[in-house]
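Here's a quick tour of the structure, starting with the overall build and ending with one helix. Have the 3D view open as you read.

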Amino acid sequence: MSAFEYAPALESTSIVNIAESHKLFINGKFVAPKSGKYFPTINPATGKVLSKVADGNEKDVDLAVAAARNAYVKVWSKMPAAERGKYLYRIARILQERAREFAVLETLDNGKPIRESRDTDIPLVAAHFFYHAGWADKLQYAGVGTSPKPYGVVGQIIPWNFPMLMLAWKIAPALAAGNTVVLKPAETTPLTALLFAEVCQQAGLPDGVVNIVTGAGATGSAIVNHPGIDKIAFTGSTEVGKLIATAIAGTKKVATLELGGKAANIIFDDAALDEAVEGIVNGIFFNQGHVCCAGSRLLVQENVHDEVLEKLKVRMANIRLGNPLDKNTDIGAINSAAQLSKIKELTAAGDSEGAERWSAPCQIPTEGYWFPPTIFTGVSQTHRIAREEIFGPVLSVLTFRTPQEAIEKANNTPFGLSAGVWSEKGSKILWAASQLRAGVIWANTFNKFDPASPFGGYKESGWGREGGRDGLSAYLKGGN
Amino acid sequence: MIVDSSESSLKAFLKTLPTVDEVGVNARTATLATRSIKTTSKAWAIDTAISMVDLTTLEGADTPGKVRALCAKAVRPDATDLTVPSVGAVCVYNDMVSTARTALDEIGGKHIPVAAVSTAFPSGRASFKVKAQDTQDAVDAGAGEIDMVIDRGAFLSGRYGEVFEEIQKIKAICGEKAHLKVILETGELVTLDNVRKASYLAMLAGADFIKTSTGKVSPAATAPVVYVMLEAVRDYFSSTKVRIGVKPAGGIRNTKDAIKQLVLVNEVAGPEWLTPTLFRIGASALLNDLLLQRMKMRDGYYASPSYVTLD
């Protein structure tokens, strides 16, 4: 060997035991779907089927909602708040104990690198349960009056990009606030949610408090439209978010919606440039860019554009794309064939609209779904790749001349989920943060998450917040 | 990168360097520390690390016997396995240079340079006359490498011109005979911004290598410090086409630490730096751990430390 080539360092999959088929989790038990139908879930890194998962229909949702209602009325709403907290602590501890198992399963079903599922996703999942466990008996401080009340039964629909983390963001605050839950994981990544159902059993969580109904869009629609549901919490595309808002209009239901984004990552010329380059990489290539708050629009001050791009390309050439189970992999597989074709369609539009494409020189595996880390330079505000969410490892690079122009361009989007500001000048960061219309603004960092920090969007990026006191209060009705 | 040695010109130049965000550097080095180096790549890394060790003894109690023993170890780190490469250099105090040179020459170590610590090592607190003589003596005694310390007091009080000039003059004394390694003593410079500035000062003044530490101050070769120095040599190369070497020293005691250093080199400066002419590790205890790990890879089990020699 003449160069330092890293030999494969594969995480063992022996810790997970994936059943041939998975049933629905309703009222504390795994039950077959009424339709008798199952659909496959695949490993996007190989394209091979991992397991079959129940296709829940309206009848199954009906049962799940009834179980959740029963658990809410008879058990969960009557239980002392401190006892609810104990269940959440117990779940958090079990998640930590079984962290490796969850990380491996998440990587298999989702395609994300084991380094991320192991070091980011699953630790944050446990952190969310610990954080909200502490809230369970302190709800009078949640900011919604002195005697806050839960909504009752909450329908929750989560996406495929952070399957377990999104589950935690939804279930932990809902249970802490005293609600019961019917949750639908994404159809391409249902396995960790079903493993979580086992954790609920292991923790002795009362039957019906958490129900997991797998399925595709029709199953989600059945949840949204079910009259027995008091509140909807959804994370996913703006398109579906609008459908949900329309569906619940005129009903008693309330909703929190975490939708798409097209975040600006603004690099001023006085930034610590090398770390800003790391921030660009982390902003757009973390989780293959399957991140609603991804820093997908790079706004770089024109006088440092060339220097930043040169450094960025050198850095991108070091990104290791490949088997997500390899501990040295930085970027894994695209989650599905459908997502890959969407990325290809939008990048082709980038080419035809005149932007210049550059992809990191990495070897693409022959099986599964992959897309190399890619940047487009010479992008202008009118290009589709500057306006539409690509949800893949694709960065659009735009320039600006003055701080005012940076803010104008950053805000010139129907979205407003997140933004990044890079400068060593504190006053400039504070000024920019106050001008940016986005729910989360990172200064000299990107994609940092904490259960205590509220997350959510402006404009078409959503309604409400998740995390922190604001996220908790979204699961509570105000008292006096 | 044209800059003259005047105080104002140096100051102005150093201000143009981008600042370093410590939080970002810590996060990046923490990620790189999770690289998992196994099997063939581990074997390659161990042998490469051995060939990069500057085997060092810098004690008041150093004797000719101790230095000769160290030289024997440098030439043949493992007497039972001649496939083990010899180390990068032997690093000693000024007065031991001729002893080391002679010993190495006698036992087949002509290719191994002797590195002498110089310029009133480790504190650097002496007149320039003394520092110059210190260096001249070492070069005359056969040192192929001079590990000088910068004047941290001058650097911290903003007298960059003095630091620069001193390095230039020492470089002139080294001439063609000796390579110059410039020790920044990053544990006393403290901030990563200072590390970047001092790296540039040393490179501009003619350093062949920039080195983290004397080994007498803690912290020494931390990952963030080495990371910033590797960025400096990478960027210096991209503007001048000259490759400067990097030498972390102090605190690298086991194979895992050494491999983490090689990962940093590979992913920050680039694979071109993975050679003893551009990367060295200043250490003493490290070599034995590398040998034990090498035996483990060969035999499949861990040998007792009694199977590696003490020197």
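## Chain A at a glance

Keep in mind that this is a predicted model. Chain A carries 15 helices and 20 strands. Along the principal axes, its C-alpha atoms take up a box of roughly 65 × 55 × 35 Å.

Is that what you'd expect of a compact globule? Put another way, what radius of gyration does chain A have? The answer is 22 Å, and because a compact globule of 480 residues would come out near 23 Å, the two agree. Of those 480 residues in chain A, 57% are buried. If you look at contacts in chain A between residues at least 6 apart in sequence, 73% of them link residues at least 24 apart.

## Where A meets B

Now for the contact between the chains: chain A puts in 20 residues and chain B puts in 24 residues. On the chain A side, helix H9 (residues 273-285) gives the largest share, with 5 residues. Sort the chain A residues that touch chain B by character and you get 8 nonpolar, 5 polar and 7 charged.

## A helix in chain B

Over in chain B, have a look at helix H11 (residues 223-240). This helix has 18 residues and runs 25 Å from its first C-alpha to its last, close to the 26 Å expected at 1.5 Å a residue. H11(B) is mostly covered, with 13 of its 18 residues buried.

Just past the end of H11(B) sits Lys241(B), which takes a positive phi of about 65 degrees.

Terms used. Residues are numbered from 1 along each chain as its sequence is written. Chains are lettered from A and ligands numbered from 1 in the order in which they are written. This is a predicted model: local features need pLDDT of at least 70, side-chain atom pairs count only at pLDDT 80 or more; totals for chains, interfaces and linings use all residues. Helices (H or I, at least four residues) and strands (E, at least two) are DSSP runs, numbered from the N terminus. The radius of gyration is taken over C-alpha atoms; the globule rule is 2.2 Å times the number of residues to the power 0.38. A residue is buried if 20 or more other C-beta atoms lie within 10 Å of its own, exposed if 12 or fewer, and partly exposed in between; C-beta atoms are placed from the backbone. Two residues are in contact if their C-beta atoms, placed from the backbone, lie within 7 Å. Ala, Val, Leu, Ile, Met, Phe, Trp, Tyr, Cys and Pro count as nonpolar, Asp, Glu, Lys and Arg as charged, and the others, Gly among them, as polar. The expected span of a helix is 1.5 Å times one less than its number of residues.
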